[in-house]
Amino acid sequence: MTARSTRRTTAAQSRIAAVGAIAVAGALLLTGCGDQTKDKDSGSSDTADSSAAPLADKLPAAVRDKGVIKVGSDIAYAPVEFKDDSGKTVGIDPDLADAMGKQLGVKFEFENGTFDTLLTGLRSKRYDIAMSAMTDTKDRQEGVDAETGKKVGEGVDFIDYFTAGVSIYTKQGADQGIKTWDDLCGKKVVVQRNTVSNDLAKAQAKKCPAGKKLSIEAFDNDQQAQTRLRAGGADAGSSDFPVAAYAAKTSGGGKDFEVVGEQVEAAPYGIAVAKSNTELRDALQAALDAVIKNGEYDKIIAKWGVEAGAVKEATLNGGK
């Protein structure tokens, strides 16, 4: 998924230290690609003891009685969420869900689906929430399709829990002088559909001069885009910084890719909840705040080597 979002109004550059990419290598485990089938119960938290959970009474009664929060997620986006060699769903999001589950006394069950179907699944009540490195944007909050400007749903509320920008990466040793989005003119870039990277590529293509067309190839998931670039089918790829850094440090033993230039479009990841489900939204915000305050959040973020994106509090609808 690449910085999961629709286009924003500004493209502020975020100078997050390059050491973040190095930290990813030290903290992350090499893994194979997660599949993109919509498997149920592809991952879940381990804790569901409501009697020992300090915030259980904040949950809607139906959720508390069921003991489960169903999570829609594209589980192929290491290190945010992905499957390890045993098939277990792991990553930043599952770890945070486990910690929040202890506060609420419920299990978070991750259900795998392609990224561009998650909000539809949320609207149809297939999922209780969507937690998938999804960028919080005004368009998503208001249910607006960024490409057409048309209303497509009631929108969602976000509990923001991390900050990430978008990066460009190339085959290692073959950056062709690519450092910025302007440098992609005359090149071919691979991205994941319906992501910030996809939106940025479309916007850049309109800026490229005649005779230097930017060619864009979009895929259902980020692993497919990486495979295309690895095989020489493109000049560059774009994804969220944590994902690009993870790929650069792990793919081919760290010999396949390199991250080039600086991050852009720094914005919050948010847990998406239906606007009508305010009780669940507020319970999740309280649980995340508790995890931040008790130090568990910082441990999880450090475990995955992405401290540069940490937040200090759980914010509602902080996206622009």
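**Exercise 1. Strand β8 and its partners**

Which residue is the bridge partner of Ser-167 in β11? Place the answer within the pairing of β8 as a whole.

*Solution.* The model is a predicted one, in which local features need pLDDT of at least 70 and side-chain atom pairs count only at pLDDT 80 or more, while totals for chains, interfaces and linings use all residues. Residues are numbered from 1 along each chain as its sequence is written, and side-chain values use heavy atoms, with hydrogens and water left out.

Step 1. The bridge partner of Ser-167 in β11 is Ser-239; β8 and β11 run antiparallel and are joined by four bridges. Strands here are DSSP runs of E with at least two residues, helices are runs of H or I with at least four, and both are numbered from the N terminus. Two strands pair if DSSP finds at least two bridges between them.

Step 2. β8 also runs antiparallel to β12, to which 13 bridges join it, and Lys-171 has Phe-257 as its bridge partner in β12. With β13 (residues 315-316), β8 pairs in the antiparallel sense over two bridges, and there the bridge partner of Asp-160 is Thr-315.

Step 3. Of the 16 residues of β8, 14 are buried, so the strand is largely enclosed by the rest of the structure. Buried means under 20% relative accessible area, exposed over 50%, and partly exposed in between, with a 1.4 Å probe and protein chains only.

**Exercise 2. The buried side of α7**

Describe how helix α7 is placed, and what lies at its ends.

*Solution.* Step 1. In α7 (residues 222-230), the buried residues are Asp-222, Gln-223, Ala-225, Gln-226 and Leu-229. Because these residues cover an arc of only 160° around the axis, they lie on the same side of α7; the arc is that of the directions from the helix axis to the C-beta atoms.

Step 2. These buried residues pack against β8 (156-171), β9 (188-192), β10 (215-219), β11 (236-240), α8 (241-250) and β12 (257-274), where contact means heavy atoms within 4.5 Å.

Step 3. The N-terminal end of α7 is capped by Asn-221, a side-chain oxygen of which lies 3.0 Å from the backbone nitrogen of Gln-223. After the helix comes Gly-232, with a positive phi near 90°.

**Exercise 3. Helices α3, α9 and α10**

Determine how α3 and α9 cross, and relate α10 to them.

*Solution.* Step 1. Helix α3 (residues 92-104) and helix α9 (residues 278-293) pack at an angle of about 110°, and their axes are 9 Å apart. The two helices are therefore roughly perpendicular to each other, a term that covers angles of 65 to 115 degrees. Their contact involves Ala-99, Met-100, Gln-103 and Leu-104 of α3, together with Ala-283, Leu-284, Ala-287, Leu-288, Ala-290 and Val-291 of α9.

Step 2. In α10 (residues 296-303), the residues Tyr-297, Ile-300 and Ile-301 are buried. Seen down the axis of α10, the buried residues fall within an arc of 95°, so they line one face of the helix. Their cover includes α3, β8 and α9. Just after α10, Gly-305 takes a positive phi of about 70°.

**Exercise 4. Asn-198**

Is Asn-198 buried or exposed?

*Solution.* Asn-198, found in helix α6 (residues 196-207), is buried, with a relative accessible area of 4%. Not counting residues up to four places away in sequence, Asn-198 touches Val-191, Gln-192, Arg-193, Ile-216 and Ala-218.

How values were computed. A polar contact is a pair of N or O atoms within 3.5 Å; within protein, one must be able to donate a hydrogen and the other to accept it, and residues adjacent in sequence count only if both atoms are side-chain atoms. Axes are lines fitted to C-alpha atoms, for helices over the stretch in contact, and angles run from 0 to 180 degrees between N-to-C directions. Angles under 35 degrees count as roughly parallel, over 145 as roughly antiparallel, 65 to 115 as roughly perpendicular and the rest as oblique.
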